[in-house]
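Thanks for coming. I'll put one structure on the screen and talk through it, starting from a single strand pair and working outwards.

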Amino acid sequence: MTNGQVHVRLREHPELHEEHGVLRVTPEGSTDSFFVVRTSADVPIALSSVCTHLGCAVELVTGQLVCPCHGSTYALDGTVRRGPAVKPLPRYTARLEPDDVLVIDLGKSA
Ligand code: FES
């Protein structure tokens, strides 16, 4: 991670070549992870893994993101499917650079 930016080389992660593919990324030197999700958009999105209810780490469970603490469930675009959370998972700014490198800016919300 450099200056809050994380680079993910997409070709090294075949799961991101398919729609609804998800990759969990833990930046070097950090204990917090985030998700990169291939939606129908050309550029994958990057989502915080911190539940917006009380801050537990959400997990990927059969195609959705589920919080183990109180059961909030999020769709792969971060929107809430089931509470108690009411806010979507925060999205980080992500852009595609040459050579299929996705640059995620963890300091900026999209
Ligand atoms: S902290 Fe996630 S549902 Fe409560």
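Look first at Glu97: its bridge partner is Val101, which sits in strand 10. Before going on, note that this is a predicted model.

Now the two strands around that pair. Strand 9 and strand 10 run antiparallel, and six bridges join them. Strand 10 covers residues 101-109, and strand 9 covers residues 91-97.

What lies between the strands of this hairpin? There are three residues, and Asp99 takes a positive phi near 70° in this hairpin. If you check backbone torsions, that is the residue to select in the viewer.

Next, strand 9 again, with another partner. Strand 4, residues 45-48, is joined to strand 9 by two bridges, and these strands also run antiparallel. For a residue pair to click on, take Ala46: its bridge partner is Tyr92, in strand 9.

So much for the pairs; now the sheet. Which order do the strands have in the open sheet? The order is 1-10-9-4-3-2, six strands with antiparallel pairing. Strand 9 therefore has strand 10 on one side and strand 4 on the other, given that two strands count as paired if DSSP finds at least two bridges between them. The edge strands are strand 1, residues 5-9, and strand 2, residues 22-25, and each of them pairs on one side only. On average, neighbouring strands of this sheet are turned by 25° against each other, with direction ignored.

Stepping back to the whole chain. The protein has zero helices and ten strands. Read from the N terminus on, the elements are β-β-β-β-β-β-β-β-β-β. The radius of gyration is 13 Å, close to the 13 Å that the globule rule gives for 110 residues, so the protein is as compact as a globular protein of that length. The C-alpha trace spans about 40 × 30 × 20 Å along its principal axes.

Two last numbers. Of the 110 residues in the protein, 25% are buried. Among contacts with a separation of 6 or more, 35% are between residues 24 or more positions apart.

That is what I have; comments are welcome.

Terms used
Residues numbered from 1 in each chain as written. Predicted model: local features only at pLDDT ≥ 70, side-chain atom pairs only at ≥ 80, totals over all residues. Helix = DSSP H or I, 4+ residues; strand = E, 2+ residues; numbered from the N terminus. Axes fitted to C-alpha atoms, helices over the stretch in contact; angles between N-to-C directions. Rg over C-alpha atoms; globule rule 2.2 N^0.38 Å. Buried ≥ 20, exposed ≤ 12 C-beta atoms within 10 Å, placed from the backbone. Contact = placed C-beta atoms within 7 Å.
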